[in-house]
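Visitor: I've got this one open at the bench and would like a close look at a single part. Please pick one helix and walk me through what surrounds it.

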Amino acid sequence: MTDPSTSVVGINRDDEGSIDTYVQEDREKLIKPRNNFASYSNDDTSVRFRSIISNSIRECNIAEGISGQNPRRLNIGDITPGATNFLSTNYESLDYDTCENYLLQDEERKKGYKFIVKKNFARWFIFLLIGICTALIACFVDVSIEELSNLKYGFLKKYVDQCVMENCLWLPYAIWLGLNIIPVLIGAILVAYVEPVAAGSGIPQVKCYLNGVKVPRVVRIKTLAVKTIGVICTVVGGLAGGKEGPMIHSGAVVAAGISQGKSTTFRKDLNIFKYFREDHEKRDFVSGGAASGVSAAFGAPIGGVLFSIEEGTSFFNQSLTWRTFFASMITTFTLNIVLSAYHGHPGDLSYPGLSNLGKFGSIPYEVYEIPLFMLMGTLGGLLGALWNHVNYKITCFRLRFVTRRWLKVMEAVSVAVLSATLGFLMIYFIDDCKPLGKDPTKYPVQMYCKSGEYNAVASLWFQTPESSVRSLFHDPKGSHNDMTLAIFVVLYFFLAASTFGLSMSSGLFIPSLLIGSAWGRLMGSGLAKIWPNCVVLDPGKYALLGAAAQLGGVVRMTISLTAILIEATQGISFGLPVIVVLIMAKWVGDFFNEGIYDIHTQMAGIPLIPWEPPPLSSNIYASEIMSHPVVTLRTVENVGHIIELLKCVTYNGFPVVDPPSSDQSEISTYGRFRGLILRSQLIVLLQNKIFNEYAESWDKSLDIKIFRKEYPRYPTIEQVAVTSEEKTFTIDLRHFMNPAPYTLQHSATLPRAFRLFRALGLRHLPVVNDTNEVVGIITRKDVARFRIWKHRGRMGLDELIITNKI
């Protein structure tokens, strides 16, 4: 969050090295200036290194002394709910960098080019399956929502029209409450008690996964089930949520499941696609799944690919882009076939996405309207920033007070009651009657209108939110009263801000589009009244621009959102105004705070690495940001030492070194660097007893499949059984370690380390000195804890704390 209320210290250095402190509140400072910690240039080695224990580690307190973070790195105090200047230790990184050890090289030598062709064919086949399965799930969600919503609103219309005559309007209000509460209660219980990670849209979690962060349980099949049922309950329950964000998450889960050829939840292994059981391949498939989800939600395959590139994936290549586009097109085509048949037009292929926003014809616009477009983008940026701030404050309240699961369920039910109450009060008190014939809803309610008229307010509430967006886009002039739209914008603005963050599976795309289309149509209607003879001032056109401005101001997407809106409305001629509006909304919104996904990511303490390194950070060196001293292993290591080490430290990567030839009790290096081995590899070696003393039994049958078999849920060290005698054995790590991982010189700068992590998806980056001896190690959190804050034209560099309390 870029608000100064959450940025405790802002540091801006001038050329002379002086420090300007912008904001410093009374509460305890959570961060310290970066120059407080020891530099590698310090001549006193006791500052830089602690005693290195070369013998077997016998006591955990010794290992903890080696592995423990410095007090400046690991915060042991509680974090204020709503703080954004910390990183959580609960999030690990993906091992995107392939371990090119002897086993992998041996597999490639034995299988040859036929194996490469087979893998490429399997990749295309998996992307085909991802596209089809994502589309089928989208069809199930869409059909379920449409059928249940028809039953709900048809039932409500019947009782409203009946009770207006019989003076019993309390009855349809009570029915409306019940029809909102029951599905919301089901969805909230599923999320709160079965799978909490299924809450929200899922886009921040998918974005983090594609960035290289291993978010726990985010791509489990249980998450998919709760997400699918939960989003149906959200929309049918009348909450201000959409099904678009959850569809993106669902596509990601489908991709992760299909590509592995097994289900760890059901403990079923199909023994297919075993060679894709690694983080590198899995993350590439998830990027295709996320793009397919966008394609399913909006009928926008190009927008899906751009979304995957812009919002999530850090490291992309041309072949992956082509396969991702293929999956997105397959999703759209499958949706076309199924939904056109469902709507009684088999073969028509005119239903490209779940959110069918309707087709715009030729949309004329003049040069003199461009300043109006810029004004709308500015207004969208202001309203988007305000919406983000309101949602942030509500989320802070939830983190502080709504912590128990039953409270989360009750909160969701309360918002469902509020939604029905606000809708009923608007219908009851606002007299907005329009003649029947061009009514924008399937269920026109007469209420207190004359015969042959319908209540226009009810048309906004007695349908799903995406149907209301379509109505505001395409209804003729005069279909909505200006006062009705103004009141609706205010009420739905705060209703949507309250809904996002509930323990419900719901997205914010459609609510943001609905808010923006309402105030955009209001602005278009006002302009049409000022210049009644101007043909180009169409309220529907300004409703589309308002929707783009509001959504752009909330999520701060530009490239992909432009493509999504153009594809969803089939208004390619209107590309320039949409781009102008989105750019202005982003610029204005970024002046006040960050996008809503970034805010929630920061509140969770997820170490997300942005596109660019912090500016003016070239004076920060690798020797300053690295973790040291380092826990290293020798090329031939004692089994007992490895077991005790893994029990005492939680690190996931260990440099393998030739031990230094020194008898001193304290030395300044850790030995010549030979390679890097992962915690998961060590556990598999111990579990399969790949000891030098047992070489005759495993030497010939050893291959890389023993590591793929346990992926992705490796056993813990406590689950490994080793006898006392076997603890005296040794393991030669040279066959299994990565012999040539990326390394960094101790004199390299923070931007260089940042680009390596961002572009290559690294998890560990050993730091070496001039003689290739290990002096430290850099992980994602060491890089991500340097974050630039921006607020109202000012900017500075924060050094975040790392905590295990979240």
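Guide: What follows is a tour of one helix and its neighbours, with the whole chain as background and the disulfides as a last stop. A word on the ground rules: this is a predicted model, where local features need pLDDT of at least 70 and side-chain atom pairs count only at pLDDT 80 or more, while totals for chains, interfaces and linings use all residues. Residues are numbered from 1 along each chain as its sequence is written, and side-chain values use heavy atoms, with hydrogens and water left out.

Let's set the scene. The protein chain holds 27 helices and 21 strands; these are DSSP runs numbered from the N terminus, with helices being H or I of at least four residues and strands E of at least two. Of its 806 residues, 59% are buried, where buried means under 20% relative accessible area, exposed means over 50% and partly exposed is in between, with a 1.4 Å probe and protein chains only. Take the contacts (heavy atoms within 4.5 Å) with a separation of 6 or more: 77% of them are between residues 24 or more positions apart. The accessible surface comes to about 33,000 Å², and 58% of that belongs to carbon and sulfur atoms. That area comes from the Shrake-Rupley method with a 1.4 Å probe, and for residues only the protein chains shown count as cover.

Now to the helix itself, α23, which runs over residues 679-687. Eight of its nine residues are buried, so α23 is largely enclosed by the rest of the structure. The buried ones are R679, S680, Q681, L682, I683, V684, L685 and L686. What do they pack against? Four strands are on the list, β11 (633-634), β13 (653-658), β14 (672-678) and β15 (730-732), along with the helices α22 (639-648) and α25 (705-710). Just after α23, look for K689, which takes a positive phi of about 55°.

Some of those strands belong together. An open sheet of three strands runs in the order β11-β13-β14, with mixed pairing; two strands pair if DSSP finds at least two bridges between them. At the edges sit β11 and β14, each pairing on one side only. α23 packs on this sheet and touches β11, β13 and β14, with its direction making about 75° with that of β14. Axes here are lines fitted to C-alpha atoms, for helices over the stretch in contact, and angles run from 0 to 180 degrees between N-to-C directions. Within the sheet, β13 and β14 pair in the antiparallel sense over six bridges. To find one of these by eye, go to D658, whose bridge partner in β14 is R672.

Last stop, the disulfides. A disulfide is a covalent bond between the sulfur atoms of two cysteines. With the cut-off set at cysteine sulfur atoms within 2.5 Å, the count comes to two. C163 and C168 make up one, with sulfur atoms 2.4 Å apart, and a turn of -85° about the S-S bond makes the link left-handed. C163 is buried at 1% relative accessible area, and C168 is buried too, at 12%. C433 and C449 form the other, with sulfur atoms 2.0 Å apart. This pair links distant parts of the chain, 16 residues apart: C433 is in strand β9 (residues 433-435), and C449 is in the loop between β9 and β10 (453-455). C433 is partly exposed at 23%, whereas C449 is buried at 7%.
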